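Reader: I would like a close look at a single part of this model, set in the context of the rest of the chain. Please take one helix and follow its surroundings outward.

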Amino acid sequence: MLPTHRICCKSNFKLHCFVCDGTINRGDEISQVLESGGMEMRRVPYSGSRWVHNTCFPIDGTMYYLELIAHMQKMKPNMSYKNVVKLVESAPNVILEA
Ligand SMILES: [Zn+2]
């Protein structure tokens, strides 16, 4: 299991998660999707308005995803970034966007 973190929060609404194509129920832990900006050519990713389960990782990533990677890098300072990402993405409760 991945560590829980302050960056995720609990949903107050019933929402749809586009990563696992499932329902986000009230009280589920969710994280905000990082939107890369698309057509507007924004340089830095910003957090958009879409929410997913905190263990569902869309291609663009989520706030929680970035926090986890930063956290793991601190925990395993000798591990390469690539392997840290692999470790986070291979956690048993994670669903990646296809
Ligand atoms: Zn989901």
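Author: What follows starts with the chain as a whole, turns to the helix and the core, and ends with a few single residues.

The structure is a predicted model, in which local features need pLDDT of at least 70 and side-chain atom pairs count only at pLDDT 80 or more, while totals for chains, interfaces and linings use all residues. Residues are numbered from 1 along each chain as its sequence is written. The mean pLDDT of the chain, where pLDDT is the predictor's confidence in each residue from 0 to 100, is 84, and 79% of the residues reach 70 or more. Among the elements, strand E3 (residues 22-24) has the highest mean pLDDT, 97, and E5 the lowest, 75.

The chain has two helices and seven strands, taken as DSSP runs (helices are H or I with at least four residues, strands are E with at least two) and numbered from the N terminus. Along the sequence these elements follow the pattern β-β-β-β-β-β-α-α-β. Of the 98 residues, 21% count as buried, a residue being buried if 20 or more other C-beta atoms, placed from the backbone, lie within 10 Å of its own, exposed if 12 or fewer do, and partly exposed in between.

The part to examine is helix H1, which covers residues 63-75, 13 residues in total, and reaches 18 Å from its first C-alpha to its last, close to the 18 Å expected at 1.5 Å a residue; the expected span is 1.5 Å times one less than the number of residues. Within H1, Tyr64, Tyr65, Leu68 and Met72 are buried. Seen down the axis of H1, these buried residues fall within an arc of 100 degrees, so they line one face of the helix; the arc is that of the directions from the helix axis to the C-beta atoms. The buried residues of H1 pack against strand E4 (29-35), strand E6 (56-57) and helix H2 (81-89), where contact requires C-beta atoms, placed from the backbone, within 7 Å.

A nonpolar core is a set of buried Ala, Val, Leu, Ile, Met, Phe, Trp, Tyr and Cys residues joined through C-beta atoms within 7 Å. In the largest such core, which has 15 residues, Cys17, Val19, Trp51, Val52 and Cys56 touch the most other members. The elements that give two or more residues to this core are E4, strand E5 (46-53), E6 and H1, and H1 supplies the largest share, four residues. Leaving aside residues up to four places away in sequence, Trp51 touches Ser11, Leu15, Ile24, Ile30, Gln32 and Val33. In soluble globular proteins, nonpolar side chains tend to be buried together.

Ile59 is found in the loop between E6 and H1 and is exposed, with 11 other C-beta atoms within 10 Å. The C-alpha atoms of Ile59 and Glu97 are separated by 6.0 Å, although the two residues are 38 residues apart along the chain. Elsewhere, Lys10 lies in strand E1 (residues 9-10) and counts as exposed, with 10 C-beta neighbours inside 10 Å. Lys10 touches Gly27, Asp28 and Glu29, not counting residues up to four places away in sequence. Asp21, in the loop between strand E2 (15-17) and E3, has a positive phi of about 55 degrees although it is not a glycine.

How values were computed
Contact = placed C-beta atoms within 7 Å.
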